[in-house]
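Please open the model in a viewer and keep the sequence panel visible. The tour below proceeds by selections, each followed by an account of what is found there.

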Amino acid sequence: MAVDRVLANLDLNLLLTLDALLRERNVTRTAERLGVSQPAVSGALSRLRRHFGDQLLVRVGNRYDLTPLATRVAALTGPALAGVRRVFDATAEFDPSGLDREFTIVSSDYAATILGPLIARRFAAQAPGARLRLQQTTPYAVDHAADTLRSADGLIIPHGFVTGLPYLDLYADRWVCVVSADHPDVGAALTMDQLAELPWVVIFDRPTAFAPASRQLRMLGIEARVEVVVDGFAQMPFLVAGTRRVALLQERLARLVAPVAGIRLLDCPFDVVPVAEAFWWNPMFRNDPAHMWLRDVLMEAAAELRPSA
């Protein structure tokens, strides 16, 4: 088999530097991220520019922007690094206790709060050298899930937002209404009329970013009178407490924070679709031993949240 002359003449460290440069768009920050000197990064950038025949980074005012070629290359560096990592992580028998790797899982603060501690406990027991990064999700990360999963190991989000990618079903939860423990107008139950009249705390409140229960309420003809919009579920109970506001929250999270937040949980006065939490991942990780271990860890952790048979 002929030797690939392009690869034979390249230093693979350039791939790591290229990925960091295209993310940071700054030589100084790239050097800090890689733990090397600024001249070393400047030299690597010069070599990369000669290789590609392109400036890659161009100054625009006080910042650097990517050239069109660099923008295309930026989408490839993450998967390329993941492939290199899989090659050098491969062993005859996979042993997680020897892992020295960071796993990034993009999730809501709800999933990070409920499932995160169970995952972290298994990391500590089975792979003490591995690191778990729980990264807060955003509407963009969900709307562009395929791109998100080029640089992350997985995305935890309910069904209904992502299609065309492999996934693992994790656990189920249900939506409940939460109000202040001393709400002056709400007794033992909520009515549909009250949901239409009371002010709301909602998450995101965008066409493609919403709690499914909120959209279902809208389909029933209830337009929530939104008073507060947040980017995370964990903030919602504290923005309900001591007010007339109402919010929809996952029952597991609501029960966890109710004693400290000063809220009450009430059944929704309509049949609400339950939460079906799942882990979505890039098919390039299908046979990666470390990622297979990660998926096993997630299933073990989620099993603790499922009711016993």
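**First stop: helix α7**

Select Ala124 and Ala125, which are exposed residues on the face of α7 turned away from its buried side. Please bear in mind throughout that this is a predicted model.

Now select the buried residues of α7, a helix spanning residues 116-126: Gly116, Leu118, Ile119, Arg122 and Phe123. These residues lie on the same side of α7, because the arc they cover around the axis is only 165°. What lies over that buried side? Among the elements covering the buried residues of α7 are β3 (102-107), α6 (109-114), β4 (131-136) and α14 (289-303). Showing these elements together with α7 displays both the cover and, on the face turned away from it, the exposed Ala124 and Ala125.

**Second stop: the whole chain**

Clear the selection and display the chain as a cartoon. Its secondary structure consists of 14 helices and twelve strands. Along the principal axes, the C-alpha atoms occupy a box of roughly 75 × 50 × 35 Å. The chain has 309 residues, of which 44% are buried. Of the contacts between residues at least 6 apart in sequence, 75% connect residues at least 24 apart.

**Third stop: strand β7 and its partners**

Select residues 175-180, which form strand β7; six of its six residues are buried. Add residues 246-250, strand β10, which pairs with β7 in the antiparallel sense over five bridges. To inspect one of these positions, pick Val178, whose bridge partner in β10 is Ala247.

Next add residues 263-266, strand β11, which also pairs with β7 in the antiparallel sense, here over four bridges. On this side, Cys177 stands opposite Leu266 of β11. In a regular strand the side chains alternate between the two faces of the sheet.

**Fourth stop: two cysteines**

Keep Cys177 selected and add Cys268. How many disulfides does a search of the whole structure find? The search finds zero. Cys177 is in no disulfide, and the nearest cysteine sulfur to its own, that of Cys268, is 3.5 Å away. Cys268 is likewise in no disulfide, with the sulfur of Cys177 as its nearest cysteine sulfur at 3.5 Å. For a pair to count as a disulfide, the sulfur atoms must be within 2.5 Å.

Are these cysteines buried or exposed? Cys177 counts as buried because its relative accessibility is 0%. Cys268 is buried as well, with a relative accessible area of 13%.

**Fifth stop: Gln250**

Return to strand β10 and select Gln250, which is found there. Gln250 is buried, its relative accessible area being 2%. Which residues does Gln250 touch, not counting those up to four places away in sequence? They are Tyr110, Asp173, Arg174, Trp175, Phe233 and Val275. Display these side chains around Gln250 to view its surroundings.

**Last stop: helices α2 and α4**

Finally, select residues 13-24, helix α2, and residues 38-52, helix α4; their axes come within 10 Å and cross at roughly 95°. The two helices, α2 and α4, are therefore roughly perpendicular to each other. To see the contact, show Leu14, Thr17, Leu18 and Leu21 of α2. Opposite them, show Val41, Ala44, Leu45, Arg47, Leu48 and Phe52, which make the contact from α4.

Notes
Residues are numbered from 1 along each chain as its sequence is written. This is a predicted model: local features need pLDDT of at least 70, side-chain atom pairs count only at pLDDT 80 or more; totals for chains, interfaces and linings use all residues. Side-chain values use heavy atoms; hydrogens and water are left out. Buried means under 20% relative accessible area, exposed over 50%, partly exposed in between (1.4 Å probe, protein chains only). Two strands pair if DSSP finds at least two bridges between them. The arc is that of the directions from the helix axis to the C-beta atoms. Contact means heavy atoms within 4.5 Å. Axes are lines fitted to C-alpha atoms, for helices over the stretch in contact, and angles run from 0 to 180 degrees between N-to-C directions. Angles under 35 degrees count as roughly parallel, over 145 as roughly antiparallel, 65 to 115 as roughly perpendicular and the rest as oblique.
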